[in-house]
Amino acid sequence: MGAYDNLNDTQLDVMREIGNIGAGNACTALSGLIGTPIDMSVPRVQLLGIDSTSDYLGGDDKEVLGIRIDVKADLTGMMYHIVNKRFAERLINTFYEKKLDTIKSIDEMDMSVISEMGNITSGAYANALATLSGYVVDIGTPTPGGYSISEILRVPIETFGEVGDKILVVDEQFIIDSEKLTSNMILVLEKDSLHRLFDKLGVEH
């Protein structure tokens with residue numbers, strides 16, 4: 001049985017709270033990076049099965065860029081920032097003008113910008129974990145991790161088999177200069193880390 005297979009309502013509320021706080025912190029951090037005020041709709045935080053996650057994010061073959069960030073120190077896991085073409089284009093054009101034909105046309109300079117975004121937003125989620133738990137939570141260097149939904153979803157399941165078939169998905173709706181932009185964050189903690197988190201918070205498991 002995987003770590004996420006039978007979470008009760010209280011445990012789900014903890015995971016949702018991490019997602020909500022992380023998304024709010026990420027919005028503030030992103031605003032600082034691009035030097036523009038950003039509004040944010042209330043994030044939608046869900047624990048979805050693999051097939052449901054794929055469908056929710058647009059299907060296995062949808063072209064996106066996955067930015068992988070490993071979670072380490074007292075808690076172990078990984079995050080994926082899922083970036084669509086329009087979100088990437090808007091971010092890049094904050095610093096220099098460029099039109100992307102496809103998400104795969106991102107070059108080294110573009111990737112540097114997007115990786116910096118991944119670094120600060122994943123740091124915001126890590127801070128949410130640390131604040132709620134009192135644990136030390138560090139993150140690794142952001143790395144490109146796939147150009148389709150199926151490629152991205154395969155990695156956490158293969159890496160942390162004991163998470164079961166569920167993934168925490170945060171749907172982020174940013175409003176920048178009156179334009180609504182969507183991105184998603186996936187968070188997966190390995191089984192022992194998830195149990196330590198619940199222990200620290202006094203949540204039975």
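Let's start at one small spot: threonine 36 is buried, with a relative accessible area of 15%. Here buried means under 20% relative accessible area, exposed means over 50%, and partly exposed is in between, using a 1.4 Å probe and protein chains only. You'll find threonine 36 in the loop between α1 (9-34) and β1 (38-40). Leaving aside neighbours within four places in sequence, threonine 36 is in contact with Ser31, Ile176 and Asp177. Contact means heavy atoms within 4.5 Å.

Before going further, a word on what you're looking at. This is a predicted model, where local features need pLDDT of at least 70, side-chain atom pairs count only at pLDDT 80 or more, and totals for chains, interfaces and linings use all residues. Residues are numbered from 1 along each chain as its sequence is written, and side-chain values use heavy atoms, with hydrogens and water left out.

Now step back to the whole chain. It has 6 helices and 8 strands, which come as DSSP runs numbered from the N terminus: helices are H or I with at least four residues, strands are E with at least two. Walk along the sequence and you meet them in the order α-β-β-α-β-β-α-α-β-β-α-β-β-α. The C-alpha trace spans about 50 × 30 × 25 Å along its principal axes. A compact globule of 205 residues would have a radius of gyration near 17 Å, and the 16 Å of this chain agrees with that. That radius is taken over C-alpha atoms, and the globule rule is 2.2 Å times the number of residues to the power 0.38.

How much of the chain is buried? Buried residues make up 51% of the 205. Among contacts with a separation of 6 or more, 72% are between residues 24 or more positions apart. On the outside, the chain exposes about 9,200 Å², with carbon and sulfur atoms supplying 46% of it; these areas come from the Shrake-Rupley method with a 1.4 Å probe, and for residues only the protein chains shown count as cover.

Next, zoom in on two helices. In helix α3 (residues 85-92), 6 of the 8 residues are buried, so this helix is largely enclosed by the rest of the structure. The buried ones are Phe87, Ala88, Glu89, Arg90, Leu91 and Ile92. At the start of α3, a side-chain oxygen of asparagine 84 comes to within 3.3 Å of the backbone nitrogen of arginine 86.

Helix α4 (residues 108-133) holds glycine 118. That glycine is buried, with a relative accessible area of 0%. Apart from neighbours within four places in sequence, glycine 118 is in contact with Ile67, Ile69 and Pro142. Glycine 118 and threonine 159 are 41 residues apart in sequence, and their C-alpha atoms are 20 Å apart in space.

Finally, have a look at some backbone angles. Alanine 73 has a positive phi of about 85° although it is not a glycine. This alanine lies in strand β3 (residues 65-73) and counts as partly exposed at 44% relative accessibility. Serine 178 is another residue other than glycine with a positive phi, near 70°. Where does serine 178 lie? It lies in the loop between β7 (166-176) and β8 (179-189). Serine 178 is exposed, with a relative accessible area of 76%.

Definitions and conventions:
Polar contact = N/O pair within 3.5 Å; in protein donor to acceptor, adjacent residues only side chain to side chain.
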